[in-house]
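Hi,

Here is the structure I said I would pass on to you. Have a look at it first, and then read my notes underneath.

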Amino acid sequence: MPLLSDKTYLYTELAQEKGVVLPTPKTEAWKYTRLRDLLNTEYQLCPSTDKTGSLPPFEADVIHIGNGWVVGELPRIEGVSLSFITETMEKTQHPFALMNAAYLTQGLKIEISGKLKRPLLLNYFVVPEDKNYFYHFRNQIICHENSSAEIIEQFTYEGAVKSCYFANIVNEIRIEANAKLHHYKYQNEAFKANHIALHKVAISQSGEYESFCLQKGANIARNETEIALNGEGAEAVVNAAYMMNGWATLDTTTNIYHYVPHTKSSQLIKGVIGGTAHGVFQGRIHIAPNAIQTTGTQLHKAILLSDEAEIDVKPELEIFADDVKCSHGAASGELDKEQLFYMRSRGIGEEEAKQILINAYLTDTITQISDERVREWFKILITG
Amino acid sequence: MNRPEIIDESGDKYKYGFTTDIEADTAPVGLTEDIIRLISRKKEEPEWLLDWRLKAFEFWQTMQEPTWAKLSYDKIDYQSLHYYSAPKQKVAPKSLSEVDKNLLETYDKLGIPLKEQEALAGVVAVDAVFDSVSVATTYRAKLAEKGIIFCSISEAIKNHPDLVKKYLGSVVPYTDNYFACLNSAVFTDGSFVYIPKGVKSPMELSTYFRINAKNTGQFERTLIVAEDDSYVSYLEGCTAPQRDENQLHAAIVEIVVMNNAEVKYSTVQNWYPGDKDGKGGVYNFVTKRAACRGANSKISWTQVETGSAVTWKYPSCVLQGDNSVGEFYSVAITNNRQQADTGTKMIHIGKNTTSKIISKGISAGFSNQTYRGLVKVTPQADNARNYSQCDSLLIGTNCGSHTVPYVENRNRSAVLEHEATTSKISEEQLFYCQQRGIGEEEAVSLIVNGFCKEVMQHLPMEFAIEAAKLINISLEGSVG
């Protein structure tokens, strides 16, 4: 557990203390993510709270995590073993994952051995106060052979927010042979908050990982997914959507490593950026030598709604094997004027018409979610 | 299908591996302020240029060699190179017949038919660069009639100092990057083209570069200025003799395009790629950039890159003028141990600017290739449009192909599209060809030529033939 008192700490100084080199604008993997606000803020450790966030409109087993601390007792769920973690699963060079390990608030070990009937919801909730709080939370999710589960992460906050807070989340996920994990995330942090999340996923033979992440909030947010397809027949679907009308930086980063033959990955990421917001997408498909008969596809599309909005995209293919099918595409532009005109000529107001188009645009990514209830939930979330 | 004519005993297929024995006037090894002063003195340069060189050298010493490219090569010892080497000739030749016979023979072997060209009457004018100093320039009279200046940059510095002073370093400042800065300090020669207002060049202008003297870094500098309503098509072709030491080549090409003007720049790059184990070969670090300063201006880069052990090259378009157009067509082929990190930059600044990128990469053997490109739309570039397509073909299981495009959009009215695919030669296509009695190697070369067609058709005629041959030679031995 961290040795933090009530004192406030400058994040860069904390990093220095642990010898962690935080990214600068010259760090390639972070070049588009402007971290200045995040790094130059003084934080102090979040105190625990009893308050909990609201729940989505479907049945789920819930673990409430308030201010980075698990609220109450851990629930008992059939087929799941829950405990607090004592150490991290693997080493990483990721600067924020290193900080997460160094200053861990709390962490959960979630071992899944059966086929879960209900989704497991990790309901993160922050009650901000006048001070700048930060918390580092980590989950180790192990899906044992032949198991199947659905895990949903929701990040929300309470009330009007004057201060900023920083949530640094790491998920270490191991999917064993023939296991299946659906992993959905909804990020709607306060508009001054910072949110950095890393999902490190290792998939064994014939394992399946399906993910979707909707980012709507925060000041600086990054959702990074790193997937290692380690066993033949392993499959990963990494979809995401982001929408922002304020001034935030929303970053979606994926790194997908095909290490063995006959693996498959697909990505569809769509964003809508307005105000003075800044959208970032960085995606890499890496195919190791001899990882033949692999398929990797990636598509990123973004719409800019305002003159000050920005979008930076870096899709990347890194291929060392010849018998592969890989492609990526990226497009950005504004809302189709003809479509807008079509609707306006039928008496639909401009704002409403825009909203309809945006919804249709983002719904593309949502329709790929396997679970119908979750799909419907996300459809509601993108209209709000 | 033609087989390459020369296969030497080492099994290498580099057709142009020979050295011409001409007495060279070479500066001592190393890079110091004195060497730069020597180069400047030898070239009888004005004071301002020497000052500029020295400023560049001073700045270069504060810079770090870039490491972001996906390239690995032995560290270059910049102090072990000669920075000046000129073929010794007592009197400057007035016509081709006065040029050193050895030189002419070299060109013949390379397939630059200088004399033939003369006979062909005005198809191509060659400003042949042999190492660092221009030795023969043809058709200058005909061009001069139209007011076109086409000469070596050293001559331009002497005869048109105002033009050179105005444009030199205006597109690629000496502070631009490590290799451009080095070039600015030590460049020895290159070409200068000035197309006056309203003039369309009556022929394609062409320069053949050729590295010759042992251990000489080549630092060419080309400057092309196209005034309002003008047009020029410029060809650059490269071959280099075979050597064991790695040779450094850090060139700069600067192009300025004014209102309604168009420049078409085509390159066939075939420097010595090293032998099949990666020994030797040219290090090619090139900065090429065109500024479309005027409205409705257009720049088109076409390149066929088959040579060099290491290629680091990003021909760029700065689209400043409204309605300006930038195009980039590229075929890059790497085989054996070659490495290439190449692509383009499209910077949209003016309104209604459009750009198009078509890049075809073919990796074979143990080679690695990266497409690295940037499309940037600034806030004032309303209605910018870009289309990028990068296709890669892998031949064999030991090569690598990478695509790293950067797209930065600051304007909502911009429409940007990027597509990339990677695949191998389809078994079906191969089978189809073989079924019809076409050998495997020949079939591969047919398919590869088809794969590149979109780019090749943008090459001028003379180049298109040479380039198609080069592709076949480059891929020799990569199949089966």
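Below is what turned up, starting with how far to trust the model and then moving to the place where the chains meet.

A bit of housekeeping: this is a predicted model, so local features need pLDDT of at least 70 and side-chain atom pairs count only at pLDDT 80 or more, while totals for chains, interfaces and linings use all residues. Residues are numbered from 1 along each chain as its sequence is written, chains are lettered from A and ligands numbered from 1 in the order in which they are written, and side-chain values use heavy atoms, with hydrogens and water left out.

**Confidence**

The model scores ipTM 0.88 and pTM 0.87. Chain B has a mean pLDDT (the predictor's confidence in each residue, from 0 to 100) of 82, and 79% of its residues reach 70 or more. Take care with two stretches of chain B. Over residues 1-11, pLDDT stays under 50, and the model has 16 contacts (heavy atoms within 4.5 Å) there beyond four places in sequence. Over residues 131-136 it also stays under 50, with 35 such contacts.

**Where chain B meets chain A**

How many residues of chain B are in contact with chain A? There are 31, and they touch 34 residues of chain A. The buried area (accessible area, 1.4 Å probe, that two parts lose on being put together, summed over both) is about 2700 Å², with carbon and sulfur atoms giving 44% of it. In chain B, Y406(B), R410(B) and R412(B) lose the most area to chain A, together 26% of what that side buries.

Five salt bridges (a side-chain nitrogen of Lys or Arg within 4 Å of a carboxyl oxygen of Asp or Glu) run between the two chains. K70(B) forms a salt bridge with E318(A), their closest N and O atoms being 3.6 Å apart. Sorted by class, the side of chain B that touches chain A has ten nonpolar residues (Ala, Val, Leu, Ile, Met, Phe, Trp, Tyr, Cys and Pro), 14 polar (the others, Gly among them) and seven charged (Asp, Glu, Lys and Arg).

Strands pair across the chains too. Strand β20 (residues 310-319) of chain A and β23(B) run antiparallel, joined by six bridges; strands here are DSSP runs (E, at least two residues), numbered from the N terminus, and two of them pair if DSSP finds at least two bridges between them. Look for I311(A), which stands opposite N409(B) in β23(B).

Enjoy exploring!

How values were computed
Helix = DSSP H or I, 4+ residues; strand = E, 2+ residues; numbered from the N terminus.
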